Amino acid sequence: MELPRRARGDEMLKPGELTAIRRRLRQIAPTHDLVSVIACAFDHRTRMLPFIYADTHMVPAGVRAIGAAMVDAGFAKTRIVLQQWNRYFRPSRMQLDGRIPDLFMVSSMGLHSGQCMAMIRDARQIDPARRPLIIAGGPHAIYMPYELFGTNAADPNGADVAVTGEEYVLMNLLEVLLSLRGTGEPMRSVFSRARATGALDGIPGLMYARGKIDGAAEELIDTGTQRLVGDLDELPDSVLGYRLLEPPSHRTTLASQPVQADQTHKLSPISSIVLTFGCKFNCPYCPIPAYNQRQHRLKSPERIAEEMGRLRREYGLKYFFGADDNFFNNKTRTLAIVDTLNHAEIDGKPLRKRIRWHTEVTIHDTLQMKDHLQDVHDSGCRALWLGVEDMTATLVKKGQSVNKTIEAFTCLRDAGICPMPMMMHHDSQPLYSRGSNYGLLNQIKLLRQAGAASLQVLMITPATGTNLYDDNFTTGQVLKRVGGRRVEPYMFDGNYVVASSLARPWRKQLNLLVAYAYFYNPFWLSVLLLRKKTGVSGRAAGMQIIGMLGLIQTVRRTLGWTLRLMFGKIERHTQPPASSVPIRSSQSLPTATACGQPDGAYANQS
Ligand code: B12
Ligand code: SF4
């Protein structure tokens, strides 16, 4: 199911609402000396093509944004811990500023949810009287918040609350909790009182549990879909998040100091940066338009140039990756950003010469921009990732065709921008087709001829937050267990064939490997090195080296699964995942005085 749409006209926060809550929190922060740790869940078993470098060399923007919001609100005692860099971190052993934190927050994508739950379980080992309030957030909390709670009496460990939205929701939650907090009162105790009195029910974008204290959740309360911030200039300064990073280590505990500013670019040479959110298309397998309530959200060109300039100056960060869904979505706004980047200066020198930026766009909008691609290049852009999916548009039709894709790639290449295709393999696509462009290898050949510098081929996999998701399960496409091995969340990354209508889908798994081997190999590396050098061919040669190393890792990780698909017994799901306890809308709850009974127990015992 897609995320529910809010009533028309009520999708967004009022202009200035985020700025105002930031100001209000800053006023009350000095009386609440909060210490917080924000962990980013990461399952190292997902390390393979096509994300093998970006996954650990780009600090995720989500945890940085939450950290920045905390610092901006006046809670500077905050640390961000990335499991990417600190895989042995144990929340049960964390101390910051000599204290067990008041808040333990954890951010997770769906595929890292196994690690996310392991961290939550570990945090719940802390003595209940001193345990921090556990807040879960990020894409997994947005799409499947019910999975973050302990609903099983044998394993009742879960988050206290899931934030199913962005910065504003967290700030709204903090404002309500701090308004109820007695001097020095544990945040978990305040939370229990707030829950019992219904104080959380007016905060859209939360899910919390009801049940016995520290026991399994008996019921989940959903406060509804968040309101989104429309003007991204209202977001706290993202630069603040880089001050909070825990240095990489093999320790279970936290270091006394965060990563020093001058070391940041060595650990995270690429900086993800929020520029725009949303996309005008409506591909059935993609949750992005519904998440954004069909809105396009933007940061001003001036703020973008200023943020890039500050990140370059203060942290030495030179390479940026836009967290855009479709950066070219609105031509006028795109041109305004490009123009500003082309004229901005940093320390008296053109910014465009000191930064390189990259992001995601669509074929359709690239063609709309074809007369301006040179300007885009000149503003510092060197590579764009494009959702090619299946060039023949058999899988999905969003205005692309073989000719249009080739034209878009050629225009980009001629402008000195590397086109980076993102393809989707599916049941009906053969590895090779004679006399047509339908086959996977046929399409890769065309893309390479048109200048593709890298390759991403993922098997189409059910994505939460889409209308297709439930059908994939009820029609028996989603695999549950193969050769006795359970399909785990980390396998939903498109690299494992975990959904297919074919009786023996091992061929699909092999096709992915053959496709990568066809694109990344010593022969093509030599061709690129021997050919007349262009900016694009030099970068493509670099990608070949990363690709070949990544391919070794991909084979190592997925070959066993291929064999299971070949010889093992395949068991399939018949129902989509669902909460095992009832989920109730906060709108349907009786008033606090009428239902105070069960939650009263929490208040007394916390
Ligand atoms: C950049 C990106 C990547 C980069 C990530 C690199 C990095 N280290 O940052 C790369 C290219 C490696 C990548 C890979 C993949 N990605 Co990706 N990616 C994105 C993208 C485009 C931007 C992410 C971002 O920076 N967003 C900006 C930040 C500010 O937003 P955010 O992370 O959502 O955080 C906000 C809220 O979620 C919330 N929040 C976040 N954490 C927390 C924590 C707390 C406590 C609280 C209160 C709130 C909170 O507040 C934040 C501020 O608003 C998103 C789509 C999007 N537009 O968000 C997809 C997205 C995150 N990717 C997704 C997926 C599925 C993948 C892949 C599995 C590939 C695939 N099959 O599509 C792989 C996984 C690789 C791996 N091993 O982890 C999905 C995740 C869906 C899900 N349910 O988990 C997304 C959401 C796209 C989608 N389909 O909707 N991705
Ligand atoms: S074009 Fe891309 S971002 Fe837009 S709806 Fe389709 S898949 Fe999602």
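**Ligand surroundings and strand pairing in the predicted model**

Four elements of secondary structure, namely α3 (61–72), β4 (103–107), β5 (133–137) and α5 (139–143), each supply at least two residues of the shell around ligand 1. Among the elements that line this ligand, α3 gives the most, with four residues. The structure described here is a predicted model, and the values reported below were computed from its atoms.

The shell around ligand 1 can be described further by its members and by their chemical class. Of the 37 residues around this ligand, M58, S107, G110, H112 and E167 come nearest. When the shell is sorted by class, 24 residues are nonpolar, nine are polar and four are charged. Polar contacts to the protein backbone were also found for this ligand: an oxygen atom of ligand 1 lies 2.7 Å from a polar backbone atom of G110, while a nitrogen atom of the ligand is 3.3 Å from a polar backbone atom of D493. A nitrogen atom of ligand 1 is likewise placed 3.4 Å from a polar backbone atom of G138.

Ligand 2 is surrounded by C279, F281, C283, Y285, C286, P289, D325, T362 and K398. By class, the shell around ligand 2 consists of six nonpolar residues, one polar residue and two charged residues.

Attention now turns to the pairing of strands. Strand β9, which covers residues 270–273, pairs with strand β12, residues 319–322, in the parallel sense and over four bridges. Within this pairing, I270 has Y319 of β12 as its bridge partner. Strand β12 is in turn joined by three bridges to strand β15, residues 356–361, and these two strands also run parallel. Here F320 stands opposite W357 in β15.

One residue of strand β9, S272, was examined in greater detail. S272 has a relative accessible area of 6%, and it is therefore classed as buried, the cut-off for this class being under 20%. The side chain of S272 reaches the backbone nitrogen of A61 at a distance of 3.4 Å. When its neighbours within four places in sequence are left aside, S272 is in contact with M58, V59, P60, A61, R64, Y242 and F321. Two of the residues named in this description recur elsewhere in the model: M58, a contact of S272, is also listed with the residues that come nearest to ligand 1, and A61, whose backbone nitrogen is reached by the side chain of S272, falls at the start of the range given for α3 (61–72).

Methods:
Residues are numbered from 1 along each chain as its sequence is written. Chains are lettered from A and ligands numbered from 1 in the order in which they are written. This is a predicted model: local features need pLDDT of at least 70, side-chain atom pairs count only at pLDDT 80 or more; totals for chains, interfaces and linings use all residues. Side-chain values use heavy atoms; hydrogens and water are left out. A residue is near a molecule or strand if one of its heavy atoms lies within 4 Å of it. A polar contact is a pair of N or O atoms within 3.5 Å; within protein, one must be able to donate a hydrogen and the other to accept it, and residues adjacent in sequence count only if both atoms are side-chain atoms. Ala, Val, Leu, Ile, Met, Phe, Trp, Tyr, Cys and Pro count as nonpolar, Asp, Glu, Lys and Arg as charged, and the others, Gly among them, as polar. Two strands pair if DSSP finds at least two bridges between them. Buried means under 20% relative accessible area, exposed over 50%, partly exposed in between (1.4 Å probe, protein chains only). Contact means heavy atoms within 4.5 Å.
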